[in-house]
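Student: I'm new to this one, and the whole thing is a lot to take in. Could you pick one strand, go over it closely with me, and then work outwards from there?

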Amino acid sequence: MRHRLKRNSMSTKERLIHYLKPMRKSLIFAFIFALLFVTSQLAQPFLLGKSLDASKENAENIFNIYLIIALVLAVLGTVFDYLFEVIVMNVSQRVIKNVRDDIYSKINSICISDFDKKAHGDMVQLEIRDMENFASGLFAVFKTLIQGIFTITITIVMMLMVNWILALGVIILTPLSILMSRFVSKFSHKHFKKQSELQANISSISLETLNNIDVIQSLNHEDKSIDLFKVKNNELHKEGIVSQFSASWVNPSTRLVNNTIYVIIGIAGIIMIPYSVELALVLAVMSVGKLSSFLSYTTQYSKPFNEVSGVANEYENAKASFKRVNDFMNLDFDINEGKEEIENINKIEFSHTYFSYSENQKLIEDFNLVINKGEKVAIVGPTGAGKTTMINLLMRFYDPKDGDIKINNISYRDISKESLRKNIGMVLQDTWIFSGTIFDNVRYLKQDASLEGVKEACRKAHADIFIETLPNSYNTYINAKNGLSEGQKQMIAIARVMLLNPNMVILDEATSNIDTRSEKLITDAFDNMMKEKTSIVIAHRLSTIEQADTIIVMKDGGIVETGNHKDLMKKQGFYYTLYSSQYK
């Protein structure tokens, strides 16, 4: 079963721990192999120092034993290091897989209002570029941090065993390296964060261009599109230079501090050798072999700090990317507090409904409307009158700011969204086609549909005429940009609803891309399908809704006229003006 989030809002640290917690067994083994690797590595300088002192004392047997043990530990260390890296890589990839799954799940679960505020390219960036940054940073930091902790701890113990006075000197001077690293990293972090945001911006521009390349070319907008991309890409280039330049200072600066410490300790150790007899009283005897071992440990001790500074680039990239991921994951889920289940929609009532997308712009105010089962209701009006907003409210993509919408005399907030939406079939002006066969596209809303059922739905939508002329008929592979005209794609969308056969249908300019002859045939098919069913039709071509039971004329978010076609034409009001303007 896929790893799921237990709660929504978390800090970046809490969310990282949340993803690592299921990997604790693997991490325990990683810690064990890291400890064995570091121990085998750090035992070697001690053994080589002993063998060096043994050679000076002409103890050949002891010399050989120390060398053999050091060689065996070197081989075992390689094996332990390999096992450690395999486990860490596996943990990293599993974490990335779970995060990416949750991002995609979140995309499908956030409120439509939040979704509308996000650039689509920005969300693609989260799944791809940000995850790549996080993956590389997670592995690098895991490897460096786990081995580094053990290296520092064991090295301190070994240095204290060799010469505690010099060991204290190394420990006291070490904070200089840490302070230098933190100073440079803090400066570079804000630039990596800005770089990540600009990368998302570039992704958004590229995605919008790819999705609308035909429009861009038809408007001769290529040069302006290129210029816009160049401006944003130049900003990213400048920010990238600053962030990389600042991060590149971490490693050299810490190495400078650590090399200075190495030289100071080396000089102090050389000075201590002639005073070994006196120092024996304080257990700080220094020999050539011990000095050799201690200098090796000084290098090993500073190595983790150098390695951490070496992966500062990946760390800052990963930190900035995961911060963006966490901010997105902390968005509210689409709330579905309703518990009631409904089998049919018999009555819809808008009761003193108020709604606006922003507080500064009023849209729907004190809207009242009752739609009974079997009625065909048409909503007309100029652009921005609130027609599509009515559909957004009815589908609960948005909730009213005040007032209520009732389904079968039940507040639709008390009805589960799944139950509400499964009773409604929609055909919108913007059609949706996914990559797959025509057969799969038509039965998308009804996966158990047979081929014959799909063919019958396509016949009702008059899509069978062009489908049967295709080389592979219903098995023809199509996608959103290639294979079908806009009118053909809309027929596929209409066939979906025909196959679903819901008890309520919403048509938002459903035949806008279809020729007049096909439009008449499809309208007749819809009329047959919608007998004894509720339907809401949003139309700009008013000739298509003359037979509607009720026509609601909207203007500036409110109802200005209501009635059937004949009554509204007799009034010679706003509807009359709209209708007449289409025939001038």
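Tutor: Let's start with Val 377, which stands opposite Thr 550 in β11. Before going on, a word on what you're looking at: this is a predicted model, where local features need pLDDT of at least 70 and side-chain atom pairs count only at pLDDT 80 or more, while totals for chains, interfaces and linings use all residues. Residues are numbered from 1 along each chain as its sequence is written, and side-chain values use heavy atoms, with hydrogens and water left out.

Val 377 belongs to strand β3, residues 376-380. Strands here are DSSP runs of E with at least two residues, helices are runs of H or I with at least four, and both are numbered from the N terminus. β3 runs parallel to β11 (residues 550-555), with four bridges between the two. Another four bridges tie β3 to β10 (residues 534-538), again in the parallel sense. Two strands count as paired if DSSP finds at least two bridges between them. In the pairing with β10, Ala 378 has Val 537 opposite.

Now look at how covered β3 is: five of its five residues are buried. Buried means under 20% relative accessible area, exposed means over 50%, and partly exposed is in between, using a 1.4 Å probe and protein chains only. Lys 376, Ala 378 and Val 380 point one way from the strand, Val 377 and Ile 379 point the other way, and both groups are buried.

Moving on from β3, find the open sheet of four strands, ordered β2-β1-β4-β5 with antiparallel pairing. Its edges are β2 (364-372) and β5 (410-411), each pairing on one side only. Inside the sheet, β1 and β4 (residues 402-407) run antiparallel and are joined by five bridges. In that pairing, Tyr 354 sits opposite Asp 402 of β4.

Follow the chain back from β1 (347-355) and you reach the loop that separates it from α13 (312-329), which is where Glu 343 lies. Glu 343 is exposed, at 61% relative accessible area. Together with Glu 340, Glu 341, Asp 414 and Glu 418, Glu 343 makes up a negative surface patch. A patch takes residues with over 30% relative accessible area and no salt bridge, joining like charges within 9 Å and nonpolar side chains (Val, Leu, Ile, Met, Phe, Trp, Tyr) within 5 Å. Asp and Glu count as negative, Lys and Arg as positive, and His and the chain ends are not counted. Each charge is placed at NZ of Lys, CZ of Arg, CG of Asp or CD of Glu.

Helix α13 also holds Tyr 315, which is partly exposed at 36%. The C-alpha atoms of Tyr 315 and Ala 140 are 7.8 Å apart, although their places lie 175 residues apart along the chain.

That brings us to helix α6 (residues 129-162), where you'll find Leu 160. Leu 160 is partly exposed, with 40% relative accessible area, and it joins Trp 164, Ile 165, Leu 168 and Ile 172 in a nonpolar surface patch with about 450 Å² of accessible area together. Such areas come from the Shrake-Rupley method with a 1.4 Å probe, and for residues only the protein chains shown count as cover. Helix α7 (residues 164-211) gives the largest share of this patch, four residues.

Let's finish with charges that meet. Side chains of opposite charge can pair when their charged atoms come close. The whole structure has eight salt bridges, each a side-chain nitrogen of Lys or Arg within 4 Å of a carboxyl oxygen of Asp or Glu. One of them joins Glu 85 and Lys 143, at 3.4 Å from N to O. This pair links distant parts of the chain, 58 residues apart, with Glu 85 in α3 (residues 60-107) and Lys 143 in α6. Glu 85 is partly exposed at 27%, and Lys 143 is partly exposed at 23%.

Another salt bridge is between Asp 399 and Arg 396, whose closest N and O atoms are 2.7 Å apart. Here Asp 399 is partly exposed at 29%, whereas Arg 396 is buried at 1%.
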